Amino acid sequence: MSAEQLAFYFFASLTLISALLVVCMQNLVRSIFLFFVTIFSLAAMFVFALADFIAVTEVVVYVGGVLVLMLFAFMLSNKELLSGLQNIAGGFKFTHLAGLLICGGMLFLLVSAISAADVVNLSWIKNGQAISENDNTIHQIGIHTMTRYLLPFEVVSVFLMMALIGAAHLSRRERRS
Amino acid sequence: MNFYLTYVLVATALFAFTALFTLFALYSERKISAFMQDRLGPMEVGKYGSLQAFADIIKMLQKEFIIPSSADKILFTLAPIVIFVSVYLGFAALPWAPGLSPSSLNLGLFYIFAILSMETIGILMAGWGSNNKYALLGAMRSVAQMVSYEIPAGIALISAVMISQTFNMQEVSIKQGILSDESILFLGVWEVSSIGGLLAWNIFQAPHLIIAYIIYFIASLAECNRAPFDIPEAESELVAGFHVEYSGLRFAFVFLAEYSMMFLVGMIGVILFLGGWNTFLPNIGSVKLSTWTTGMGWGIFWVLIKTLLVVAVQIWIRWTLPRLRVDQLMSFCWKVLTPLAFLCMLISGIWRLTMM
């Protein structure tokens with residue numbers, strides 16, 4: 001087994017284990033901090049797929065943005081609200097059935113979709129161009145966002161603008177009349 | 001297997017450098033502050049107190065690890081490591097001389113920016129893990145400040161990247177000196193590709209980058225939690241902020257991270273705006289000062305000198321200006337720096353299209 005493969009399996013197992021622990025852990029703060037490990041090892045998986053830009057963007061967005069936001073939300077919410085979330089009793093209850101069904105359904109959907117896709121024989125994978133390790137991916141991404149994917153790009157920016165205006169409106173001080 | 005050995009050697013060298021720099025910065029900060037306040041500073045250990053930093057480190061290594069009994073032990077122990085490693089990883093993409101860069105990433109600057117955002121997580125870990133209200137308050141303040149000041153800093157950096165047209169820090173440096181294969185225009189009019197020196201630096205290629213650099217410098221002070229933006233540590237209100245419970249080697253790591261961060265942000269600014277490893281001496285006719293002073297050793301020398309000067313200015317500012325209030329801090333960031341940074345970015349785009 002080469003060093004790359006070893007590193008790949010290391011990060012893959014780290015992603016899975018930490019993601020499982022994020023869900024299972026009783027201590028909420030620790031599970032948020034573990035989410036950080038999940039994100040980071042996921043970014044490593046993106047690096048193995050030669051998608052370095054996506055890996056770095058994921059770290060910027062999730063670590064610098066989402067995770068900090070989650071921590072802030074956690075630290076600023078009151079203790080009684082969280083104690084209900086933190087002390088969930090173990091063991092199976094009838095009320096858990098719905099959750100189990102949804103999870104099982106999702107798993108079935110994912111597995112059947114992956115097996116139906118037949119990834120190895122897809123035409124765009126067989127005949128497409130491959131990128132090498134030293135290619136400058138951001139040039140390609142930049143050119144494609146400004147030409148082929150311009151409309152989705154603009155739609156996303158308008159959407160973000162709407163979110164910003166909404167946030168500004170919500171946090172604005174009410175004028176007393 | 002040889003290249004694995006090189007990786008380890010490079011990483012060790014960078015770590016040794018951060019440690020040495022911290023010792024040096026510790027001593028110089030004490031001496032500069034003493035000079036500014038008309039004191040002598042450390043004088044007892046060694047000649048002019050020059051061994052004071054080593055004495056401090058030895059004292060710190062001997063201290064006991066104290067974990068508060070109600071602290072979250074795992075988070076408390078891991079936090080200093082996360083804080084330091086996030087800063088230390090940033091050094092991987094910085095070029096030191098022509099052809100000498102630990103890792104010549106195409107995404108260099110973007111990578112550094114992403115890695116530095118990890119530090120906020122480490123600080124929150126420390127603040128929450130200590131289970132101390134001063135630590136938690138300090139961490140919250142620190143994170144609020146770092147997250148907001150990332151925006152003007154990032155946009156000011158982007159306006160320099162728009163002039164250089166690359167995220168690769170090594171290429172950014174090459175494009176500001178005589179080694180560039182593109183033509184360089186001083187203030188957009190005078191061809192200086194073969195003259196080089198000071199005239200080819202980014203801030204003189206496009207003069208609005210001087211404003212962008214000042215914005216970046218101010219924002220980088222806030223990201224290092226240095227005065228006048230040191231409300232997270234505010235000794236007089238919060239004791240010491242997020243690292244109040246740390247002692248011994250763990251505190252040393254927090255400290256190491258703070259000083260390495262100073263060097264790192266200074267060096268990023270130097271590379272993107274002040275010519276990186278390029279000399280400031282221009283070629284004048286047959287006196288080829290710029291050609292003579294470009295090379296491997298010279299590159300390291302120039303980048304070190306420039307960055308140490310920037311660090312000296314950071315220290316100077318710390319001991320000159322009083323601390324800002326929280327609301328002043330936020331309104332300064334959002335109402336002054338961010339719009340100005342956006343303006344710089346706009347001018348950069350126009351400059352790139354029309355003048356270059």
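Visitor: Which pattern does chain A follow, read along the sequence?

Guide: This is a predicted model. Chain A has eight helices and zero strands. Read along the sequence, the pattern of chain A is therefore helix after helix, counting DSSP runs: α-α-α-α-α-α-α-α.

Visitor: What radius of gyration does chain A have, set against a compact globule of 177 residues?

Guide: The C-alpha atoms of chain A fill a box of roughly 60 × 55 × 30 Å along the principal axes. Buried residues account for 10% of the 177 residues in the chain. A compact globule of 177 residues would have a radius of gyration near 16 Å, whereas chain A has 21 Å.

Visitor: Which element gives the largest share of the side of chain A that touches chain B?

Guide: On this side, 17 residues of chain A are in contact with 19 residues of chain B. The elements of chain A that give two or more residues are α2 (28-48) and α3 (52-76). The largest share is 11 residues, and it comes from α3(A).

Visitor: How do the residues of the side of chain A that touches chain B divide into nonpolar, polar and charged?

Guide: The side in question holds 17 residues of chain A, in contact with chain B. They divide into two charged, two polar and 13 nonpolar.

Visitor: In the largest nonpolar core, which residues touch the most other members?

Guide: This core has 120 residues. Helix α11 (residues 248-273) of chain B gives the most to the core, with 17 residues. Leaving out residues up to four places away in sequence, B:A139 touches six residues, among them B:W128 and B:F242. The residues that touch the most other members are B:A139 and B:A156.

Notes. Residues numbered from 1 in each chain as written. Chains lettered and ligands numbered in written order. Predicted model: local features only at pLDDT ≥ 70, side-chain atom pairs only at ≥ 80, totals over all residues. Core = buried A, V, L, I, M, F, W, Y, C linked by C-beta atoms within 7 Å. Buried ≥ 20, exposed ≤ 12 C-beta atoms within 10 Å, placed from the backbone. Helix = DSSP H or I, 4+ residues; strand = E, 2+ residues; numbered from the N terminus. Contact = placed C-beta atoms within 7 Å. Rg over C-alpha atoms; globule rule 2.2 N^0.38 Å. Nonpolar A, V, L, I, M, F, W, Y, C, P; charged D, E, K, R; others polar.
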